[in-house]
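Trainee: I should be grateful for a close look at a single part of the structure shown below. Please treat the topic in one connected account.

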Amino acid sequence: MRFRLGYVAMTLKLVDCSPSGTMTVTAFKKLPDPEAALNRVRRIAKKNLENTLRILRYNLAYNIYVYRLTSKLVPLATHPLIEGWDYSGDLKEEFLSIGSFIKENDFRISAHPDHYTILNPESDQVFNESLKDLDYHAKVYEAMGLTDYRYKLVLHIGGLYGNKKASIERFKRNFEKLPERISKRIILENDDKVYTAADVLDICNDLGVPMVLDVHHHNCNNNYENLEELLPHIFKTWDGQHFNPKVHFSSPKSTKEFRHHADNIELQEFLNFLRIASKTDRDFDVMLEAKNKDGALLKLSDELKDAGTVKSINQAEFELKK
DNA sequence: ACCTGTCAAGTCTGG
DNA sequence: CCAGACTTGACAGGT
């Protein structure tokens with residue numbers, strides 16, 4: 001049984017390599033000439049794309065094949081200020097070279113629209129804004145030539161609005177309204193406050209959508225659910241998908257700030273999870289969500305090699321001994 | 001060069 | 001009904 005490690009958006013190893021350069025609305029409006037402001041956005045977006053390719057090259061060198069794109073590649077992408085700008089046509093070459101590199105090397109790439117993107121709100125306006133953001137994410141994949149639906153978008157269920165059952169029903173109804181180019185990419189994750197792993201598993205089974213288990217969120221919000229029992233069912237939602245099941249993993253910052261992410265991954269907690277996961281007898285990928293990003297990955301990797309319970313294939317891939 | 005307040009966005013709680 | 005927390009990295013303004 002094998003597993004791979006990945007990290008989110010940003011490497012600490014490369015100098016001056018942010019893929020998330022931004023321009024604020026205030027800064028945009030402050031420039032007297034809208035054309036000049038748009039030029040600035042274009043320059044930042046181009047830089048973000050170039051840096052993303054640099055990061056992917058670095059990942060290849062380190063055998064890191066699991067990576068999450070930042071949602072901020074194109075600043076203000078869904079804002080009316082840049083409405084009408086064809087960023088995917090304008091930066092076609094940059095997008096396509098990223099996509100080709102991803103396909104050539106068979107990277108597992110994902111993206112995670114931020115927590116303002118919600119499918120079950122009570123207001124139509126919030127739903128429509130969320131749709132715009134999902135459309136942007138799908139456009140980014142399409143501009144990269146990643147038209148295969150194996151490249152996913154991770155979402156949470158959303159708000160509670162005082163009634164979990166009704167909010168879940170609204171989620172499902174709204175999900176069915178999505179165009180295929182979006183819905184086929186969506187995978188759902190349990191959150192740290194409202195929707196537990198069992199809640200999300202039910203929704204995923206009803207909709208036929210893969211589920212990402214976030215182990216840390218489960219530790220924050222679990223309603224006494226047993227992970228060992230749930231895990232085989234969670235992994236089963238990935239049957240028929242191109243990639244193996246995916247898990248998010250992070251360690252709590254402290255007892256007091258339990259929900260916050262720590263700088264690195266606690267080895268013992270990780271080994272505990274591996275023990276449970278090994279019983280499913282399936283290969284899987286782990287997205288590490290730590291402040292130290294790829295630094296945390298390389299550190300955990302070293303510690304796993306020393307721990308002896310797993311065999312290292314390379315920096316980011318391991319085989320579990322039975 | 002460094003420090004701090006601010007930033008597009010939504011939800012929830014407490015006053 | 002409104003202000004502030006939540007949470008995040010990066011920008012922008014001030015020193």
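How do the residues of the surface near DNA strand B divide into nonpolar, polar and charged?

Mentor: The model is predicted, and what follows should be read in that light. The surface near DNA strand B comprises 7 nonpolar, 5 polar and 1 charged residues. Around this strand there are 13 residues, of which Val-25, Thr-26, Tyr-116, Leu-160 and Tyr-161 come nearest.

Both the backbone of the strand and its bases take part. Among the atoms of DNA strand B that lie within 4 Å of the protein, sugar or phosphate supplies 56%, and the bases supply the rest. Two of the polar contacts to phosphate come from the protein backbone: a polar backbone atom of Val-25 is 2.5 Å from a phosphate oxygen of DNA strand B, and a backbone N or O atom of Leu-160 is likewise placed 2.5 Å from a phosphate oxygen of that strand. Tyr-161 uses its side chain instead, with a polar atom 2.4 Å from a phosphate oxygen of DNA strand B.

DNA strand C offers a useful counterpart. The residues that surround it are Met-10, Ser-18, Ser-20, Gly-21, Thr-22, Ala-27, Lys-30, Arg-40, Arg-259, His-260 and Lys-291. Here, sugar and phosphate make up 100% of the strand's atoms within 4 Å of the protein. By class, the surface near DNA strand C holds 2 nonpolar, 5 polar and 4 charged residues.

Three of the residues around DNA strand C may be examined individually. The side chain of Lys-30 places a polar atom 2.5 Å from a phosphate oxygen of DNA strand C. For His-260, an N or O atom of the side chain is 2.6 Å from a phosphate oxygen of the strand. Thr-22 contributes through its backbone, a polar atom of which is 3.4 Å from a phosphate oxygen of DNA strand C.

The cysteines deserve a brief remark to complete the account. A disulfide is a covalent bond that joins the sulfur atoms of two cysteines. A search of the whole structure finds 0 disulfides. Cys-220, in particular, is in no disulfide, and the nearest cysteine sulfur, which belongs to Cys-204, is 19 Å away. Cys-220 has a relative accessibility of 24% and therefore counts as partly exposed. Cys-17, by contrast, has a relative accessibility of 4%, so this residue counts as buried.

Terms used
Residues are numbered from 1 along each chain as its sequence is written. Chains are lettered from A and ligands numbered from 1 in the order in which they are written. This is a predicted model: local features need pLDDT of at least 70, side-chain atom pairs count only at pLDDT 80 or more; totals for chains, interfaces and linings use all residues. Side-chain values use heavy atoms; hydrogens and water are left out. A residue is near a molecule or strand if one of its heavy atoms lies within 4 Å of it. A polar contact is a pair of N or O atoms within 3.5 Å; within protein, one must be able to donate a hydrogen and the other to accept it, and residues adjacent in sequence count only if both atoms are side-chain atoms. Ala, Val, Leu, Ile, Met, Phe, Trp, Tyr, Cys and Pro count as nonpolar, Asp, Glu, Lys and Arg as charged, and the others, Gly among them, as polar. A disulfide is a pair of cysteine sulfur atoms within 2.5 Å. Buried means under 20% relative accessible area, exposed over 50%, partly exposed in between (1.4 Å probe, protein chains only).
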